[in-house]
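Here is a friendly briefing to read alongside the structure. Take a look at the surface first, then follow the notes by topic.

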Amino acid sequence: MKKITKIATQKQAGRYSIDLDNVFAFGVAESVLIKYGLAKGRELDDALIAQIKYDDAIAKALNTALNYLGHALRTEKQIRQKLSDQQVTETIQDAVLARLKELGYVDDFNYAKHYVATKKRLSPKGPVAISLALQQAGVPASAIAQALATYTTVEQLAVGEQLALKLAQRYQREATRAKQQKIVQALVQKGFSFDIAQTVVAQIDFANDEDTERANVIRQAERLWYRYRNVTESERQYKVKNKLYTKGFSAEWIDVALQTVTQSDALTEFSE
């Protein structure tokens with residue numbers, strides 16, 4: 001048996017140092033101190049000391065987990081990773097997670113549900129991207145499916161439309177067809193299904209007006225015309241036409257652009 005000869009507060013709030021037989025033995029959390037009624041003069045055997053240390057390890061790990069949870073919702077996998085980073089054993093982790101679940105602080109379905117809600121409102125993502133993120137966070141497939149069931153097709157179309165309108169600004173210098181294709185691709189990359197992406201683009205008129213389409217095709221034609229300045233005239237026209245076609249411009253607009261750049265070229269040569 002060993003006798004507690006001193007109990008002193010540590011620098012870290014809520015923790016105490018325990019001296020046994022005038023020698024520092026271990027530190028404990030306040031909760032452990034109270035649980036075991038530790039006081040000066042009390043005698044402890046080896047088995048009780050081991051149990052006190054075990055409970056204190058749980059208390060420290062629990063405090064780490066609670067601090068981690070204080071910043072945001074976490075999954076069981078994320079908490080286990082945090083504890084593993086602190087060299088907490090799996091046995092202690094199991095005890096901590098059991099306590100957190102009792103308190104209602106860890107619930108993977110609740111995490112998934114809130115994550116889906118956030119991605120619908122604040123940082124728009126489609127179901128595919130959301131599912132992947134939740135899988136990486138360690139959420140079980142069943143909980144992911146339940147949470148995604150709250151993301152209705154109507155909501156997906158509405159969120160997709162908001163994103164598409166922003167993307168349309170990014171691609172405003174593109175040909176109408178290219179702009180539509182890029183918006184579909186971007187929505188798919190954001191996690192929406194191809195069908196949803198196509199439906200969104202079909203519902204909104206992203207077509208450029210004539211002035212915009214003319215300005216876009218001429219701008220790109222002028223750039224290409226200069227790029228291919230060192231080839232023959234016929235090859236130059238062929239290369240420019242081909243490039244403009246791959247960029248989504250119609251044959252009619254390509255003819256307009258070529259007529260414009262060739263006339264401009266002719267005027268420049270005449271003036272020289």
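**Surface patches and a close contact**

R173 counts as exposed because its relative accessibility is 52%, and the cut-off for that label is over 50%. Please keep in mind that this is a predicted model. The notes below start from R173 and the positive patch it helps to form.

**The positive patch**
- R173, R223, R227, K243 and K247 together form a positive surface patch.
- Within the chain, R173 sits in the loop that runs between α8 (153–170) and α9 (176–189).

**The nonpolar patch**
- L66, L103 and Y105 make up a nonpolar surface patch of about 250 Å².
- L103 belongs to helix α4, which covers residues 90–103.
- With a relative accessibility of 35%, L103 counts as partly exposed, since that label lies between the cut-offs of 20% and 50%.

**The annotated domain**
- An unreviewed UniProt entry lists residues 61–100 as "domain: RecX first three-helical".
- In the model, residues 61–100 are 75% helix and 0% strand.
- The C-alpha atoms at the two ends of residues 61–100 are 11 Å apart.

**A contact across the sequence**
- Which residue has its C-alpha atom 4.2 Å from that of A129? The partner is G191, and the two residues are 62 residues apart along the chain.
- A129 lies in helix α6, made of residues 127–136.
- A129 is partly exposed because its relative accessible area is 22%, and buried would mean under 20%.

Methods: Residues numbered from 1 in each chain as written. Predicted model: local features only at pLDDT ≥ 70, side-chain atom pairs only at ≥ 80, totals over all residues. Heavy atoms only, no water. Patch = residues over 30% accessible without salt bridge, like charges linked within 9 Å, V, L, I, M, F, W, Y side chains within 5 Å. Areas by Shrake-Rupley, 256 points an atom, 1.4 Å probe, with all protein chains shown as cover. Salt bridge = Lys/Arg side-chain N within 4 Å of Asp/Glu carboxyl O. Lys, Arg positive; Asp, Glu negative; His and termini not counted. Charge placed at Lys NZ, Arg CZ, Asp CG, Glu CD. Helix = DSSP H or I, 4+ residues; strand = E, 2+ residues; numbered from the N terminus. Buried < 20%, exposed > 50% of the residue type's maximum accessible area, 1.4 Å probe, protein only. UniProt positions renumbered as here; feature names shortened; annotations may be inferred.
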